[in-house]
Amino acid sequence: MTPADDASRPAPAGREASGGAQPAPAGRAGPAGTSSGAPLLELRGITKHFGAVQALDGVDLAVEEGQVMALVGDNGAGKSVTIKTISGIWEPDDGQVLWKGRPVVIAHPNDARDLGITTVYQDLALCDNLDIVQNMFLGREKLRHRLLDEDEMEKAAKATLADLSVTTIRSIRQPVASLSGGQRQSVAVAKAVMANSKLVILDEPTAALGVAQTEMVLSLVRRLSEQGVAVLAISHNLNDVFAVADAITVLHLGHTVAAGPIANFDSQVAVDYMTTGRSERDAASAALATETE
Ligand SMILES: Nc1ncnc2c1ncn2[C@@H]1O[C@H](COP(=O)(O)OP(=O)(O)O)[C@@H](O)[C@H]1O
Ligand SMILES: [Mg+2]
């Protein structure tokens, strides 16, 4: 594998350099990352403790441009702390964060925003009393002759929602309080798109949603990825993960235990890794484990 080969055509997302026929047990192969085809975002050996609690203990994660990466793990595995580290809420104790192959420090949410990272938290951070347009332009209002350019903002909001195929919203002038959970999620994502995000992080995007709304959010995730935006989604729901993700990273007790293209996992193997940190059924991983002994 030479840099020239890599540059001539993009490597398949999430593929390991060594052939990638199996989920790579973390700490051995680690996330793919060559100097030419560097991932959009890469975490290497991130650690974070809160007092006596070691919340993160070696998190490796690589997200490629336009890739949908699912971050899965049991309760307390470190998923939320990981995304808060990427979002600039917490600074890691140790480890490296790379953006397009360059080491970066994300010490504040503004740093994340400046890189093009938008995080949509579970509570969504929309203002219920404001309408959709107002929410989408909150803090970035368009002005014309020192007045709000309502026409321009409405046009842009409509176009973005249409691009994302969000069709169920009756009026972009209705208050966000009147929207369903899925619609709120759509507005939050559309807001991220309008901010020219390169990476959208979703914390449990479908947790509170019904079947139809879940479908809507999953297709929204697909649409984002088609537009070249990478998505890092935390999910408890493996059905959602297998429906939409290109790749999976599994955390167990604050540590990355497996990562790779979705095709290398089935739900049994994913559940094994999530609950025990290893998988007997994952032949490749078992082989690697024997090698080490
Ligand atoms: N602000 C905090 N202070 C102390 N401990 C925390 C804090 N945030 C998370 N933790 C601990 O870190 C570990 C990982 O938490 P978290 O990332 O929220 O897990 P997950 O999102 O995977 O369920 C847990 O043991 C949790 O109790
Ligand atoms: Mg969490």
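Visitor: Hi! Which element gives the most to the shell around ligand 1?

Guide: Hello! That is α2, which gives three residues to the shell. Keep in mind that this is a predicted model.

Visitor: Which elements give two or more residues there?

Guide: They are β3, residues 53-63, and α2, residues 79-86.

Visitor: And which residues surround ligand 1?

Guide: Going along the chain, you'll find Phe50, Val53 and Ala55, then Gly73, and after that the run Asn75, Gly76, Ala77, Gly78, Lys79, Ser80 and Val81.

Visitor: How does that shell split by class?

Guide: Five of its residues are nonpolar, five are polar and one is charged.

Visitor: Let's follow β3 for a bit. Which sheet is it in, and in what order do the strands come?

Guide: β3 belongs to an open sheet of four strands, ordered β3-β2-β5-β6, with antiparallel pairing. At the edges sit β3 and β6, the latter being residues 102-103, and each of these pairs on one side only.

Visitor: How many bridges join β2 and β3?

Guide: Eight bridges, in the antiparallel sense, with β2 covering residues 41-50. For a spot to look at, try Leu43, which stands opposite Leu61 in β3.

Visitor: Back to α2 then. Where does it lie relative to those strands?

Guide: Helix α2 lies across β2 and β3, and its direction makes an angle of about 65° with β3.

Visitor: New topic: helices. At what angle do α6 and α7 pack?

Guide: About 15°, with the axes 8 Å apart; α6 is residues 181-194 and α7 is residues 211-226. The two helices are therefore roughly parallel to each other.

Visitor: Is their crossing left-handed or right-handed?

Guide: The crossing of α6 and α7 is right-handed.

Visitor: Which residues meet there?

Guide: From α6 come Gly181, Gly182, Gln185, Ser186, Val189 and Val193, while α7 brings Gln213, Met216, Val217, Leu220 and Leu224. This contact between α6 and α7 has six nonpolar residues, five polar ones and no charged ones.

Visitor: What about α5 and α6, how do they pack?

Guide: Helix α5, residues 150-163, packs against α6 at an angle of about 110°, and their axes are 10 Å apart. That makes α5 roughly perpendicular to α6.

Visitor: Which residues make that contact?

Guide: Ala156, Thr160 and Leu161 in α5 meet Ala190, Val193 and Met194 in α6. Sorted by class, the contact of α5 with α6 has five nonpolar residues, one polar and no charged. You may recognise Val193, since α6 also uses Val193 where it meets α7.

Note on methods:
Residues numbered from 1 in each chain as written. Chains lettered and ligands numbered in written order. Predicted model: local features only at pLDDT ≥ 70, side-chain atom pairs only at ≥ 80, totals over all residues. Axes fitted to C-alpha atoms, helices over the stretch in contact; angles between N-to-C directions. Parallel < 35°, antiparallel > 145°, perpendicular 65-115°, else oblique. Left-handed = near helix turned anticlockwise from the far one by under 90°. Contact = placed C-beta atoms within 7 Å. Nonpolar A, V, L, I, M, F, W, Y, C, P; charged D, E, K, R; others polar. Near = placed C-beta within 6 Å. Pairing = 2+ DSSP bridges.
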